[in-house]
Amino acid sequence: MSGRLVIAGLGPGSEALVTPEVNAALAEATDVVGYIPYVARVTPRPGLTLHASDNRVELDRARHALEMACAGRSVVVVSSGDPGVFAMAAAVFEAVEAGPPEWRALDIAVLPGITAMLAAAARTGAPLGHDFCAINLSDNLKPWSLIEKRLRLAAEADFAMAFYNPRSMARPEGFAKALNVLQQACGDARPVIFARAVSTPEEEIRVVRLDRCTPEMADMRTVVIVGASTTRIIARDGAAFVYTPRSVPA
């Protein structure tokens, strides 16, 4: 079987943060598959076909890519950030597991990318410097009750937390509920980072105390990082540094 399938991360937005490995895969591809705004980041060229599709059709997109790879094409499935973090890699392997045997024989590679979470953390210092977790606040693929349980347990364990998909026009109430859970569970004024459109010209970074956070501070282009109880702010001229120490007192 001569086809190949690559699942690649395009990073948070800036072309400077796309890895050389991903750029090389795109240069060799015959077809690029992905969500409309991510495919739009790929430069058209002769011999390359772009297959852009709407959101919420991840499995259809994965099956299409696998079918083309089986037909001998060199296919790249693109995601923003890292393809293995709330993105297309899991969808492709879900399709492989449920699909025909020949899909399992394909040459499939996952190429990592810089996540919005890590890019946002780097902009402010090292808020994820100790134990942390990442939670997708969208309830499209899981019930809100599970999200709330994970929020409470993560707060109880005193993790720093990174939130993807905090608030959208279709889900305006979810982030408000998440903030209520955190403000009750944490009960302090730890720093919260709102990082919108990181590494793009529209980038905006805000550091706000947990007890002063409001739902309107986030949208779907925002990654939210909530510090642990040990997370510290270093005040200085200009933007403050935020970091979580590498150790916890016994």
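Select Phe194 to begin: leaving aside its neighbours within four places in sequence, this residue is in contact with Phe175, Glu204, Ile205, Arg206, Val208, Cys213, Met217, Ala218, Thr222, Val223 and Val224. Keep in mind throughout the tour that the model on the screen is predicted.

**The core around Phe194**

With Phe194 still highlighted, add Leu151 and Phe163, since these three residues are the ones with the most contacts inside the largest nonpolar core, which has 25 residues. To see where the core draws its members from, colour strand E7 (132-136), helix H7 (144-156), strand E8 (160-164), helix H8 (174-186), strand E9 (191-196) and strand E11 (222-226), each of which supplies at least two residues. Among the contributors, H8 gives the most, with six residues.

Before leaving this region, it is worth selecting a second core that lies apart from the one just shown; it has 18 residues, and Leu66, Ala69, Val77 and Met88 are among them.

**The two cysteines**

Return to Cys213, one of the contacts of Phe194, and show Cys186 beside it. By the distance rule for sulfur pairs, the count of disulfides comes to zero. Cys186 is in no disulfide, the nearest cysteine sulfur being that of Cys213, 10 Å away, whereas a disulfide would require the two sulfur atoms to be within 2.5 Å. Cys186 counts as buried at 15% relative accessibility. Cys213 is likewise in no disulfide, with the sulfur of Cys186 as its nearest at 10 Å, and Cys213 is buried too, with a relative accessible area of 8%.

**The network at Arg190**

Next, select Asp158, Asp188 and Arg190, which are linked in a network of salt bridges. Within this group, zoom in on Arg190 and Asp188, whose closest N and O atoms are 2.8 Å apart. The two partners fall into separate burial classes: Arg190 counts as buried at 6% relative accessibility, and Asp188 counts as partly exposed at 28%.

**The five-stranded sheet**

Move now to the open sheet of five strands, where the order is E3-E2-E4-E1-E5 and the pairing is parallel. The edge strands are E3 (49-53) and E5, each of which pairs on one side only. If you look across the strands, the twist averages 15 degrees from one strand to the next.

At the E3 side, show the backbone of E2 and E3, which run parallel and are joined by five bridges. One residue to pick out here is Asp31, whose bridge partner in E3 is Thr49.

Then bring in the helices that lie against the sheet. Helix H1 (residues 20-28) packs on it, touching E1, E2, E4 and E5, and the direction of H1 makes about 135 degrees with that of E4. Helix H4 (residues 88-98) also packs on the sheet, touching E1, E4 and E5, and the direction of H4 makes about 150 degrees with that of E1.

**Salt bridges that reach across the sequence**

The salt bridges in the model number eleven, and two of them can be visited from the sheet. Start from Asp31 again and show its side chain together with that of Arg73: the two meet in a salt bridge with an N to O distance of 2.7 Å. Arg73 lies in the loop between helix H3 (58-70) and strand E4 (74-79) while Asp31 is in strand E2 (residues 31-35), so this pair ties together parts that are 42 residues apart in sequence. Asp31 counts as buried, at 2% relative accessibility, while Arg73 is partly exposed, with a relative accessible area of 33%.

For the other bridge, select Asp107 and Arg4, whose side chains meet at 3.1 Å, N to O. This pair links distant parts of the chain, as Asp107 is in strand E5 (residues 107-111) and Arg4 in strand E1 (residues 4-9), 103 residues apart. Here Asp107 counts as partly exposed at 41% relative accessibility, and Arg4 counts as partly exposed at 31%.

**Last stop: helix H6**

Finish by selecting helix H6 (residues 116-124), in which Met117, Ala119, Ala120, Ala121 and Thr124 are buried. Step along the backbone to Gly125, just after H6, which takes a positive phi of about 135 degrees.

Notes. Residues are numbered from 1 along each chain as its sequence is written. This is a predicted model: local features need pLDDT of at least 70, side-chain atom pairs count only at pLDDT 80 or more; totals for chains, interfaces and linings use all residues. Side-chain values use heavy atoms; hydrogens and water are left out. A salt bridge is a side-chain nitrogen of Lys or Arg within 4 Å of a carboxyl oxygen of Asp or Glu. Helices (H or I, at least four residues) and strands (E, at least two) are DSSP runs, numbered from the N terminus. Buried means under 20% relative accessible area, exposed over 50%, partly exposed in between (1.4 Å probe, protein chains only). Two strands pair if DSSP finds at least two bridges between them. Axes are lines fitted to C-alpha atoms, for helices over the stretch in contact, and angles run from 0 to 180 degrees between N-to-C directions. Contact means heavy atoms within 4.5 Å. A nonpolar core is a set of buried Ala, Val, Leu, Ile, Met, Phe, Trp, Tyr and Cys residues joined through side-chain atoms within 4.5 Å.
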